[in-house]
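This report describes a protein model together with its bound ligand. It treats the ligand site, the domain arrangement, the nonpolar cores and one loop residue in turn.

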Amino acid sequence: MSDGRIVIGTRRYSSWSMRGWLPVALAGLDVTEVVIPLAEGETSAVRGQTPSGLVPYLEHNGARIWESLAIIEYCAEFDQTLWPKKRRARAMARAAAAEMHAGFRALRQAMPMNLGRDDFAGLGQTPAALADIARIEALWAEAREEFGEDGPYLFGERFTGADIMFAPVVARLLTYAPPLSETSQDYCRAVRAQPQVDAWYRAAAEEPQAWQLEKYESVRTDHAATA
Ligand SMILES: N[C@@H](CCC(=O)N[C@@H](CS)C(=O)NCC(=O)O)C(=O)O
């Protein structure tokens, strides 16, 4: 018998689920996975199934944790490498993760996560989304410059809570392909190749076609990049 369960939505689309599932996988918690396919329109398939009516949601040995960032913090109690060892780096990693959790709404709206499309390149580039991307690139460059010397991730060798929070952003940047610096492109490649991220992509590719939703498969083309 497992120690609990992690409730997630459709992997292809659910960026917050990815942020909750990755730390559980990295910390090696023994929980059963429950996938609730997200629904079309305004209907919620999740309401009533978790305390907040949202995914991800973790139950583990009697602890009940909703909110992806709280799940990362919970998992970091079992795997302390989920935050950098040095206090200054840990402070920045937490600030970066919190900034992601609270913001970048324009990017999230213009470029919804879709792990299965290779024909969205150039779409979604609203001025506000590009401004979010500029801030994200500045933050990534600062972390890489100051703390990233011993590995490919934001704080070096270990894939931390900050990388977890940005993994679905990386997924969006790979799908929508806005212009990025070399540093950002290298970082995106490293995150995509990270074993647990790759496992998430592979499981997403196995999801039934019936789970695909029009609202995420049709992206507004009026914000396509001009040549
Ligand atoms: N702040 C929450 C956001 C969770 C969230 O918005 N999850 C979305 C899926 S990505 C959801 O459950 N939506 C309900 C639905 O689509 O029915 C967190 O960090 O976990």
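## Ligand site and internal packing

The ligand is surrounded by S14, W16, L38, S44, A45, V46, L54, V55, P56, E67, S68 and H101. The model is a predicted one, and the values reported here are computed. Three polar contacts of the ligand are set out in the table.

| Ligand atom | Protein partner | Distance |
|---|---|---|
| oxygen | N or O atom in the side chain of S44 | 2.8 Å |
| nitrogen | polar backbone atom of V55 | 2.8 Å |
| oxygen | N or O atom in the side chain of H101 | 2.8 Å |

Taken on its own, the ligand has 520 Å² of accessible area, of which the protein covers 80%. S44 and H101 thus appear in the list of surrounding residues and also contribute side-chain atoms to polar contacts, S44 with a ligand oxygen and H101 likewise with a ligand oxygen. V55, by contrast, engages a ligand nitrogen through its backbone.

The protein is divided into two domains, domain 1 spanning residues 4-80 and domain 2 spanning residues 82-211. Their centres, taken over C-alpha atoms, are separated by 19 Å. To the contact between them, domain 1 supplies 27 residues and domain 2 supplies 31 residues.

The largest nonpolar core comprises 64 residues, and the members that touch the most other members are L58, W140, F155 and F166. Helix 6 (residues 161-176) provides the largest share of this core, with 10 residues. Because domain 1 (4-80) and domain 2 (82-211) both give residues to the core, it lies between them.

Which residues does W140 touch, leaving aside those up to four places away in sequence? They are L154, F166, V169, V170, L173, S184, Y187 and C188. Of these contacts, F166 is itself one of the core members with the most contacts to other members. A second core, separate from the one above, consists of eight residues, including V7, V46, V55 and L213. V46 and V55 are also among the residues around the ligand.

A final point concerns a loop position. T126 is located in the loop between helix 4 (105-110) and helix 5 (127-147). Is T126 buried or exposed? Its relative accessibility is 12%, and T126 therefore counts as buried, the cut-off for that class being under 20%. The side chain of T126 reaches the backbone nitrogen of A129 at 3.0 Å.

Technical notes:
Residues are numbered from 1 along each chain as its sequence is written. This is a predicted model: local features need pLDDT of at least 70, side-chain atom pairs count only at pLDDT 80 or more; totals for chains, interfaces and linings use all residues. Side-chain values use heavy atoms; hydrogens and water are left out. A nonpolar core is a set of buried Ala, Val, Leu, Ile, Met, Phe, Trp, Tyr and Cys residues joined through side-chain atoms within 4.5 Å. Buried means under 20% relative accessible area, exposed over 50%, partly exposed in between (1.4 Å probe, protein chains only). Helices (H or I, at least four residues) and strands (E, at least two) are DSSP runs, numbered from the N terminus. Domain bounds come from an automatic or database domain assignment. Contact means heavy atoms within 4.5 Å. A residue is near a molecule or strand if one of its heavy atoms lies within 4 Å of it. A polar contact is a pair of N or O atoms within 3.5 Å; within protein, one must be able to donate a hydrogen and the other to accept it, and residues adjacent in sequence count only if both atoms are side-chain atoms. Accessible areas come from the Shrake-Rupley method with a 1.4 Å probe; for residues, only the protein chains shown count as cover.
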